[in-house]
Amino acid sequence: MTELAERPAHPAVGQPLPHESAALHATGAAAYTDDLAARRHDALTAWPVQSEQAHALVSLDVRDALAVPGVVRVLTAAEVPGVNDAGAKGDEPLFPSEAMFHGHALAWVLAETTESARLGAAAVRVASEPLPSIMTAAEAIEAGSFQGIPRTIRRGDPEGALAAAPHVFEGTTLIGGQEHFYLETHASLAHVDSEGQVFVECSTQHPTEAQHVVAHVLGVPSNRVTVQSLRMGGGFGGKEVQPHGFAAVAALGATLTGRPVRVRLTRTQDLTMTGKRHPFHVEWRAGFDDDGRILALAATLTSDGGWCLDLSEPVTARALMHVDNAYWIPDVVVQGRIAKTNKTSQTAFRGFGGPQGMFVIEDILGRVAPILGVDAAALREHNFYVAGQTTPYGQPVRHAERLHEVWRRVRHESAFDERRARIVAFNAEHADTKRSLAITPVKFGISFTLTAYNQAGALVHVYQDGSVLINHGGTEMGQGLHTKMLQVAATALGVPLESVRFAPTRTDKVPNTSATAASSGADLNGGAVKHACEQIRDRMATVAGRMLGIDARDVRFSRGRVSGLGTTGPSVTFAEVVSAAHEQRVQLFAAGFYRTEGLHWDTEAMQGSPFKYFAYGAAACEVEVDGFTGTYRIRRVDIVHDVGDSLSPIVDLGQVEGGFVQGAGWLTLEDLRWDETEGPGRGRLLTRSASTYKLPSFSEMPEVFNVHFFERATEDGVVYGSKAVGEPPLMLAFSVREAIREAVAAFGPAGHSVELASPATPEAVFWAIEAARGTAATAGTVDAAAGRSDAPGRAGAADAERRLVPFDR
């Protein structure tokens, strides 16, 4: 085992500890960015002037706004001393002359109060010249409206394999987006200190990029800008790049007025101005042999990127890398492209394109299993990766046996076969209520696909009294990263957890950080914290060796004491060694650094090994569906998930449970709607509040929720043998959708292929039930076992864009 993964005796990691801020969260005492603004009585409030058209050339007259009592200044493009752009690709003007979506911020009004700022924004006169707009990926495809660089992953001869396959199916799959709906909306607070430093408090997952954007807009070097992220009230990827324009607005306002400036979006502003999970439009063909083996897949994935690139290129690339999920596909070609539409710029969301890619193969398997006459669970297991196989992009699937073991454990612990037999009996007795139990796997790659992001830094201080302060480059959004870093530091130094404290993440302590994203926060920052602590410990070991009369190599740090090998012999306290080290002028602070080893990736060829490892999991979900309304309830969920050797089991348990529920929301409830009519409201987000956008809540929680971690799963080469747990659990929720699909199928004849919209809302489920019942009335037209049509045509729902086509070979 590598030194990075090895755990000492009595480690703090692995202990079931609560979140470090749990008490503060529960009592309302935890401070967030806008709470800091409330303490600054001299702070101005910024309010956006939003476009009321989806696409238009605009010009502004701000004179009336300046006459509103309390308005101090209106920020427009003319006020920008640097570059008027807030994006990484140079395509996101901070103050645009062309409105690109309904709700686009055209200018910002600064005022003494929120109400004055709101009234000032309403007083700005906006003259506009409407331009044609595109609202969906399908419209973009028809119009040829694309952006970014298209990518392709290819292996073998998929065209030849499809031509020779005994069973070939094709279809179009539409995948819905998702709103982040974090509890804390976007917020920034900026001020300029006496030395001219711009200091920005920002609710961001990526302080370094916020620093870069602010410096870019102000026209100053990065060393003049400091960004701090105290904590976030949720992020889920929505605060990876999207906050930085808001931070720049606050910083620009503070620079121009000499006063602190606060930006804090209302819920409606946040919903209408910020990006979502990317919707996808997917066209595919899949070939199978007579035994149900996948022979070939050809697919074109079109992501709806919205009005600018944002992170759409890496999101789409990760989707291509995850189309295989847990399945061996010998011959494959998947192409990815990005549609340009007049909607918010779609952005990172938990899973970062991986869920949409995995959706493709899971949807295909769920749709074709009945036509092939194969049980869906058996079809999935039949196609699992085995040792020695590689992904379509050329990475060996290491520990493929874990996938099989996880799958077997879920089937056993959920009593899968016995319960399925009971469900068959229940369905036979109930004409208008059906149950189903489905199981789905997860194989998710961990690392940033941009290799340069796989690095992290830390700064650790040991003070003369033996207390420890850690700084690291990761941000806390409720996921428990700081908790894990405290445990890592306590373990590496051999001190009690209560003697370690963390400082808020800020760019003048740890520079050039990567975003806290890609599920890699603990891997990267944990490696950096451990490295810093080990440097200090090794220096202290020399001092302790002299104090104890032993070789420094035999010194051990544990539970706040320093001793030699064995359980007997002299020992001293950690604080005593620290004091002696200080007297001897030994450095008691260190900068740590970590880079993920073993990664290589050719973006042009889309080949290589971009991931450090794969996280595996499986979930079995039982649902009950009402035939009159299409509503469903989750009766029971059983999960086994691979987190390696958990750094913090309670934190990881919460991540698995929360990820699963959020995934179920994306797949079954959360339905983003824009006005697609040609009227004056075209492009307006219709689901702009919690009253119109359905979020998962306690009523969607499984009645029985069993989550277990995969045992004996040390991941060598990762900090203390752990594995990432932020994103992979979200995809366990495919079991909910597949269970709903199979329950709907029970309303129709055997062999009926059920097609579900995404999200599979009760309305969509109801119409799928109606289609199943309609198929029952005309049963016999499809040979379910052979997957053939009696006549050239289509099997499935009536919607032509969503049909599954079995070809007669």
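How do helix 16 and helix 17 stand to each other? They are roughly perpendicular to each other. This holds in a predicted model. The axes of helix 16 and helix 17 (residues 574-583) come within 9 Å and cross at roughly 100°. An angle from 65 to 115 degrees counts as roughly perpendicular.

Two packed helices are described by the angle between their axes and the distance between the axes. The residues in contact fill in the picture. Helix 16 brings M540, V543, A544 and M547. Helix 17 brings F574, E576, V577, V578, A580 and A581. Nine residues of this contact are nonpolar, none is polar and one is charged.

**The sheet beside helix 17**

An open sheet of three strands runs in the order 21-22-23, and the pairing is antiparallel. Strand 21 (556-558) and strand 23 (571-573) are its edge strands, each pairing on one side only. On average, neighbouring strands are turned by 25° against each other, direction ignored. Strand 21 pairs with strand 22 (residues 561-563) over three bridges, in the antiparallel sense. Within that pair, S558 stands opposite R561 of strand 22. Helix 17 packs on this sheet and touches strand 21, strand 22 and strand 23. The direction of helix 17 makes about 80° with that of strand 23.

**A second sheet**

Another open sheet of three strands has the order 4-2-6, again with antiparallel pairing. Strand 4 (98-99) and strand 6 (125-130) each have a single partner strand, so one side of each is left without a neighbour in the sheet. Strand 2 (residues 56-61) pairs with strand 4 over two bridges in the antiparallel sense. A56 has A99 of strand 4 as its bridge partner. Strands of a sheet pair through backbone hydrogen bonds, either parallel or antiparallel.

**Buried loop residues**

Several loop residues can be set side by side.

| Residue | Loop between | Relative accessibility |
|---|---|---|
| H102 | strand 4 and strand 5 (105-111) | 14%, buried |
| D310 | strand 14 (294-304) and helix 10 (312-321) | 8%, buried |
| T513 | strand 20 (505-506) and helix 16 (521-548) | 9%, buried |
| A518 | strand 20 and helix 16 | 10%, buried |

Why does T513 count as buried? Its relative accessibility is 9%, and buried means under 20%. Leaving out residues up to four places away in sequence, T513 touches H206, T208 and G473. The side chains of T513 and T208 make a polar contact at 2.7 Å.

H102 can be read in the same way. Beyond four places in sequence, H102 touches S51, E52, Q53, A54, T272, G681, R682, G683 and R684. A polar atom of the H102 side chain lies 3.2 Å from the backbone oxygen of E52. H102 and A733 are 631 residues apart in sequence, and their C-alpha atoms are 32 Å apart in space.

**Backbone exceptions**

Most residues other than glycine have a negative phi, and most peptide bonds are trans. D310 has a positive phi of about 50°, although it is not a glycine. A518 also has a positive phi, near 60°, and is a residue other than glycine.

Which residues does a cis peptide bond join? They are S758 and P759, with omega about 10°. P759 lies in the loop between helix 19 (734-745) and helix 20 (762-777).

Note on methods
Residues numbered from 1 in each chain as written. Predicted model: local features only at pLDDT ≥ 70, side-chain atom pairs only at ≥ 80, totals over all residues. Heavy atoms only, no water. Pairing = 2+ DSSP bridges. Helix = DSSP H or I, 4+ residues; strand = E, 2+ residues; numbered from the N terminus. Buried < 20%, exposed > 50% of the residue type's maximum accessible area, 1.4 Å probe, protein only. Polar contact = N/O pair within 3.5 Å; in protein donor to acceptor, adjacent residues only side chain to side chain. Contact = heavy atoms within 4.5 Å. Axes fitted to C-alpha atoms, helices over the stretch in contact; angles between N-to-C directions. Parallel < 35°, antiparallel > 145°, perpendicular 65-115°, else oblique. Nonpolar A, V, L, I, M, F, W, Y, C, P; charged D, E, K, R; others polar.
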